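Biologist: Could you walk me through this model and then take a close look at one part of it? I would enjoy hearing how you read it.

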Amino acid sequence: MKNIFIPIIFCLFILSSSCDSSNGYDENSSGAVYVKPSVDYRGRYRKGHVRFKVSTKKDAIKSQARSRYYYHTRGKYRKH
C-alpha cells in the first residue's frame, strides 16, 4: 500500500510545482506596469514607460463619459 502512495504524492508534487501563479507581467500593488522598450514594425524605437490601470488625469471621468457617449450614439445622428 505504501508503494502506491509514494509515486502518487511525488507526481502531485511535481505537477503543483510546475504551475505558474504569475499572470505574465510585473505588477505592483498600485496597478502600475512597466512596459519594456521595443521597436515597432516600421523600425521606430519606443521608449519604456510605466502604464497605470487607472488614469491619473483630473478629467479622466469626463473624457471616459464623452468617449462612451460617442461610441454609443455614433450611428444614431449621422446621415445614412
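What percentage of the contacts in the protein chain with a separation of 6 or more do residues 24 or more positions apart account for? After that, please zoom in on Asp40: in which loop does Asp40 lie, and is Asp40 buried or exposed?

Modeller: Happy to! Please keep in mind that this is a predicted model. To your opening question: among contacts with a separation of 6 or more in the protein chain, 3% come from residues 24 or more positions apart. The chain has 80 residues, and 8% of them count as buried. Its exposed surface comes to about 8300 Å², with carbon and sulfur atoms supplying 59% of that area. As for secondary structure, there are 2 helices and 4 strands, and reading from the N terminus the order is α-β-β-β-β-α.

Now for the close look. Asp40 sits in the loop that links β2 (38–39) to β3 (45–46). With a relative accessible area of 14%, Asp40 is buried, because the cut-off for that class is under 20%. What does its side chain do there? Asp40 has two links to Arg44. In one, the side chain of Asp40 reaches the backbone nitrogen of Arg44 at 2.8 Å. In the other, the side chains of Asp40 and Arg44 meet in a salt bridge, with 3.3 Å from N to O. The partners differ in exposure: Asp40 is buried at 14%, whereas Arg44 is partly exposed, with a relative accessible area of 48%.

For context, the count of salt bridges is 2. Besides the Asp40 pair, there is a salt bridge between the side chains of Lys58 and Asp59, at 3.6 Å from N to O. Lys58 is exposed, with a relative accessible area of 79%, and Asp59 is partly exposed at 36%.

A polar contact of a buried residue also turns up after α2 (60–72), in the segment where Thr73 lies. Thr73 is buried, with a relative accessible area of 13%, and its side chain reaches the backbone oxygen of Tyr69 at 2.7 Å. Tyrosines come up again when aromatic rings are considered: a search of the whole structure finds 1 aromatic pair. That pair is Tyr70 with Tyr71, arranged edge-to-face, with 4.9 Å centre to centre and 85° between the planes. Here Tyr70 is partly exposed at 44% relative accessible area, and Tyr71 is exposed at 52%.

Finally, the helix at the other end of the element order. Helix α1 covers residues 2–18, and Ile9 is found in it. Ile9 is exposed, with a relative accessible area of 55%. Together with Ile4, Phe5 and Ile8, Ile9 makes a nonpolar surface patch of about 400 Å². Ile9 could join such a patch because its 55% is above the required limit of over 30% relative accessible area.

To come back to your chosen residue: Asp40 is buried, and its side chain meets Arg44 both at the backbone nitrogen and in a salt bridge with the Arg44 side chain.

Key:
Residues numbered from 1 in each chain as written. Predicted model: local features only at pLDDT ≥ 70, side-chain atom pairs only at ≥ 80, totals over all residues. Heavy atoms only, no water. Patch = residues over 30% accessible without salt bridge, like charges linked within 9 Å, V, L, I, M, F, W, Y side chains within 5 Å. Areas by Shrake-Rupley, 256 points an atom, 1.4 Å probe, with all protein chains shown as cover. Salt bridge = Lys/Arg side-chain N within 4 Å of Asp/Glu carboxyl O. Buried < 20%, exposed > 50% of the residue type's maximum accessible area, 1.4 Å probe, protein only. Contact = heavy atoms within 4.5 Å. Polar contact = N/O pair within 3.5 Å; in protein donor to acceptor, adjacent residues only side chain to side chain. Phe/Tyr/Trp six-rings, centres within 6.5 Å; stacked < 30°, edge-to-face > 60°.
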